[in-house]
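Student: I would like a close look at the salt bridges in this model, taken slowly and with the surroundings of each partner in view. Could you walk me through them in one connected answer?

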Amino acid sequence: MKPTTGTQILTLTGLRFDANLGILESEKTAPQPIQVDAELCLGTQPLLPHDDDINHVLDYRKVRKIIIDECTAEHVNLLETLIGKLAYRLMLLPGVLGVRVKIAKLEIFDDCEVAIRMEAGQWA
């Protein structure tokens with residue numbers, strides 16, 4: 001018997017934009033580039049959806065906008081604070097069972113990227 005369902009995960013990778021983030025004086029006066037990667041577990045979904053209507057799925061345009069809006073809403077001192085707020089907001093989306101998020105500060109050091117990851121909710 002062939003499967004009729006599968007676990008669906010929506011992924012946004014490499015989303016780059018400027019955010020007001022950090023505790024250094026230079027970080028408090030000017031935005032800096034960050035990169036966000038996000039995975040949203042939508043749980044078990046039919047392999048063959050009953051229709052082809054955007055209104056019956058999680059629109060990734062909305063997810064992208066929420067990520068940018070949440071990360072640029074206000075200055076945040078710590079990556080840990082920002083990633084927690086973002087993970088919480090993404091968990092509120094309808095149908096989302098779990099989130100995995102990574103936020104990287106791209107220019108804080110010359111020789112490495114600094115990032116933090118957070119996972120919340122259920123993963124199949």
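Tutor: K102 is partly exposed, at 23% relative accessibility, and in this predicted model its side chain forms a salt bridge with E113, the closest N and O atoms being 3.4 Å apart. Because K102 lies in strand β3 whereas E113 lies in the loop between β3 and β4, the pair ties together parts that are eleven residues apart in sequence. E113 is likewise partly exposed, with a relative accessible area of 42%.

Strand β3 takes part in another such pair, for K105 and E27 meet through their side chains in a salt bridge of 2.8 Å, N to O. Here K105 belongs to strand β3 and E27 to helix α1, so this contact ties together parts that are 78 residues apart in sequence. With the cut-off for buried set at under 20% relative accessible area, K105 counts as buried at 9%, and E27 counts as buried at 5%.

A further salt bridge joins K65 to D69, with the closest N and O atoms 2.6 Å apart. Both residues sit in helix α2, and because they are four residues apart there, about one helical turn separates them. The general reason is that an α-helix has 3.6 residues a turn, so residues three or four places apart point the same way. D69 is partly exposed, its relative accessibility being 37%. The full count for the model comes to six salt bridges, among them the pairs K102 with E113, K105 with E27 and K65 with D69.

Strand β3 and helix α2 also meet helix α3, since the buried residues of α3 pack against β2 (32-46), α2 (60-72), β3 (98-105) and β4 (114-121). Those buried residues are L79, L82, I83, L86, A87 and L90. They cover an arc of only 125° around the axis, which puts them on the same side of α3. Helix α3 itself runs over residues 79-91, 13 residues in all, and reaches 18 Å from its first C-alpha to its last, close to the 18 Å expected at 1.5 Å a residue.

Turning to the surface, I23, L24 and L78 make a nonpolar patch of about 280 Å². Of these residues, I23 is placed in the loop between β1 (5-19) and α1 (25-29), and I23 is exposed, with a relative accessible area of 52%. Helix α1, which follows that loop, is the helix that holds E27, the partner of K105.

How values were computed:
Residues are numbered from 1 along each chain as its sequence is written. This is a predicted model: local features need pLDDT of at least 70, side-chain atom pairs count only at pLDDT 80 or more; totals for chains, interfaces and linings use all residues. Side-chain values use heavy atoms; hydrogens and water are left out. Patches are made of residues with over 30% relative accessible area and no salt bridge: like charges are joined within 9 Å, nonpolar side chains (Val, Leu, Ile, Met, Phe, Trp, Tyr) within 5 Å. Accessible areas come from the Shrake-Rupley method with a 1.4 Å probe; for residues, only the protein chains shown count as cover. A salt bridge is a side-chain nitrogen of Lys or Arg within 4 Å of a carboxyl oxygen of Asp or Glu. Helices (H or I, at least four residues) and strands (E, at least two) are DSSP runs, numbered from the N terminus. Buried means under 20% relative accessible area, exposed over 50%, partly exposed in between (1.4 Å probe, protein chains only). The expected span of a helix is 1.5 Å times one less than its number of residues. The arc is that of the directions from the helix axis to the C-beta atoms. Contact means heavy atoms within 4.5 Å.
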